[in-house]
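Morning, everyone. I have a few slides' worth of notes on one structure, and I will go through them in order. Please look at the picture while I talk.

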Amino acid sequence: MTRLDDGAISLRSGQSVWLAGELPETAAPREKSIYETEIAIVGAGITGAFLAERFTREGRCVLVIDRRDPAKGSTAASTAMLLWELDASLLELEDRMGLEAAARIAVRCRRQVAAISALVNEFGIAADVRPRPSLYLAGEKLDAADLREERRIREHIGIAGLYLDEGELAARGLIGEAGLLYPGSADSDPVKLALGLMTLAIARGAVVLSPAIASVYETTTDGVTIATREGDIIRARTLVLASGYEMPDFVPAARHSLCTSWALATAQTKSACVPGPDGALLWEASDPYLYIRTTADGRVIIGGEDEDFSDAEKRKALTPQKAQTLLAKAAKRCPGLVGVEPEFVWSGVFGETEDSLPMIGRIPGAPNSLAAYGYGGNGITFSALAADLLEAELRGRPDEDSALYALDRS
Ligand SMILES: Cc1cc2nc3c(=O)[nH]c(=O)nc-3n(C[C@H](O)[C@H](O)[C@H](O)COP(=O)(O)OP(=O)(O)OC[C@H]3O[C@@H](n4cnc5c(N)ncnc54)[C@H](O)[C@@H]3O)c2cc1C
């Protein structure tokens, strides 16, 4: 089967806080134009980096290509709250797919966040990964009674945490009706994380080509061939697509939609403990939601305000207004933030699936082809999950959870 693709979209606007410092070089100079490899990964964002690290850890031969510099796609726009909680609450997931499946997803995501911390510690990756609790605040989607019910389900499946009432939130300097404070999440610098993982993969023999735009894919039962616009020919036993929100048209993406999200980072500030002394990752049960985190160097990041379009001009035009709205909403929640000014303001294309689950697994109708797509608000946790699920696919022993995330799930 031969497919053509050049579905490039503008992924980011503005100035992301993660691109302010110097970044290590990971792309290799081209030495030839024909490459043979076991695994060809398209996409050198956080997903491609998790995959490259995992596959090379297993001794696999890996080549990664990217049309941009590594980690300069949507990864550079991410606010990198490594949440075990999904955009959908367990209440919603239980409704949609039953308690057993909902529990498996939540427990797996908790394990996955812990595995990210363990991985960076084991290999000394400097990516500011910090274990954090998350604080889920009642909003227009879930009120205090709903949060009590959400806590009951979490407890039932063995995930322990606290319900905070209005007074307990006030003691943390927050205004709200109720909140759920749970351990088990983390935060990070997503660009450092992606480049750190990629550097580790390169040390084990992975090759990164960039810029290299995959434009023709030929997938057969004997293997795959990718032709790039720059003239490279890459032959691989297996193709793994990790091209983020730019999906070639042979990926069934009907359940996926694109929107735009905004974020800002303040200057380094003494009030960087705003969401509480434990640096909890704050997010609201609202649509659009608001979220607040701090950074390792003492900034406060505020994000959200999603809109249902991905057009770059529209998103640039709306940015000043969105920044003001984010600041005003954050100050209403955290009076400690009144008067803070943004130093960085940016926006990015953001993806969502109808069930809040990613699309990870074999691509129906494309032999020897795997995909890792469909990431929402806890996308990075799912990128790490993709590495586990796809390694299991490569071994020919699909993970016991694979059906939950399959591209052709019902
Ligand atoms: C504002 C914002 C805030 C977010 N906040 C969070 C958060 O707090 N927590 C969280 O977990 N997630 C968050 N996300 C989501 C998270 O950032 C994404 O899930 C993640 O960045 C996706 O990474 P990726 O590697 O799959 O995609 P990308 O980083 O976009 O990488 C894909 C790469 O593929 C390359 N590519 C595409 N097509 C081709 C081609 N034809 N040939 C060669 N290369 C190609 C691109 O150039 C790109 O570099 C946020 C996203 C945004 C926009």
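H3 and H8 are roughly perpendicular to each other, because their packing angle falls in the range from 65 to 115 degrees. The angle itself is about 85 degrees, and the two axes are 9 Å apart. Keep in mind that this is a predicted model. On the H3 side, the contact is made by Arg108, Cys109, Gln112, Val113, Ala115 and Ile116. On the H8 side, Thr381, Ala384 and Leu385 take part. Sorted by class, the contact of H3 with H8 has 6 nonpolar, 2 polar and 1 charged residues.

Now stay on H3 and go to its other partner on my list, H2. H2 covers residues 90–97 and H3 covers residues 99–123. Their axes come within 7 Å of each other and cross at roughly 135 degrees. H2 is therefore oblique to H3. The crossing of these two helices is right-handed. From H2, the residues in the contact are Leu90, Leu93, Glu94 and Met97. From H3, they are Leu99, Ala101, Ala102, Ile105 and Ala106. How many of the residues in the contact of H2 with H3 are nonpolar, polar and charged? The count is 8 nonpolar, no polar and 1 charged.

H2 also meets helix H4, which runs over residues 144–156. Here the axes come within 9 Å and cross at roughly 65 degrees. That makes H2 roughly perpendicular to H4. H2 brings Leu90, Leu91 and Glu94 to this contact. H4 brings Asp146, Glu149, Glu150, Ile153 and Arg154. This contact of H2 with H4 divides into 3 nonpolar, no polar and 5 charged residues. Leu90 and Glu94 of H2 are listed in the contact with H3 and also in the contact with H4.

Next, the domains. The domain assignment splits the chain into two, and each is built from separate stretches of sequence. Domain 1 takes in 2–77, 191–255 and 356–405. Domain 2 takes in 131–184 and 256–353. Their C-alpha centres lie 29 Å apart. Across the boundary, 22 residues of domain 1 are in contact with 18 residues of domain 2. Which strand gives the most to the side of domain 1 that touches domain 2? Strand E2, residues 12–14, does, with 3 residues. That side of domain 1 has 11 nonpolar, 9 polar and 2 charged residues.

On to the ligand. It is surrounded by 40 residues, and the closest are Gly45, Gly73, Gly244, Gly348 and Gly379. By class, the shell has 16 nonpolar, 19 polar and 5 charged residues. Four elements each supply at least two residues of the shell: helix H1 (46–57), strand E13 (256–266), strand E17 (342–353) and helix H8 (379–394). The largest share comes from H8, with 4 residues. So H8, which we met at the start packing against H3, also appears in the shell around the ligand. Why does the ligand lie between the domains? Domain 1 and domain 2 both give residues to the shell, so the ligand lies between them.

Last, some backbone details, which are easy to scroll past. The peptide bond from serine 210 to proline 211 is cis, with omega near 0 degrees. Proline 211 sits in the loop between strand E9 (207–209) and strand E10 (214–220). The bond from aspartate 287 to proline 288 is cis as well, again with omega near 0 degrees. Proline 288 is in the loop between strand E14 (281–284) and strand E15 (290–294). Then there is alanine 71, which is not a glycine but has a positive phi of about 65 degrees. Look for alanine 71 in the loop between strand E4 (62–65) and strand E5 (81–82).

That is the end of my notes.

Notes. Residues are numbered from 1 along each chain as its sequence is written. This is a predicted model: local features need pLDDT of at least 70, side-chain atom pairs count only at pLDDT 80 or more; totals for chains, interfaces and linings use all residues. A residue is near a molecule or strand if its C-beta atom, placed from the backbone, lies within 6 Å of it. Ala, Val, Leu, Ile, Met, Phe, Trp, Tyr, Cys and Pro count as nonpolar, Asp, Glu, Lys and Arg as charged, and the others, Gly among them, as polar. Domain bounds come from an automatic or database domain assignment. Axes are lines fitted to C-alpha atoms, for helices over the stretch in contact, and angles run from 0 to 180 degrees between N-to-C directions. Angles under 35 degrees count as roughly parallel, over 145 as roughly antiparallel, 65 to 115 as roughly perpendicular and the rest as oblique. A crossing is left-handed if the near helix is turned anticlockwise from the far one by less than a right angle, and right-handed if clockwise. Two residues are in contact if their C-beta atoms, placed from the backbone, lie within 7 Å.
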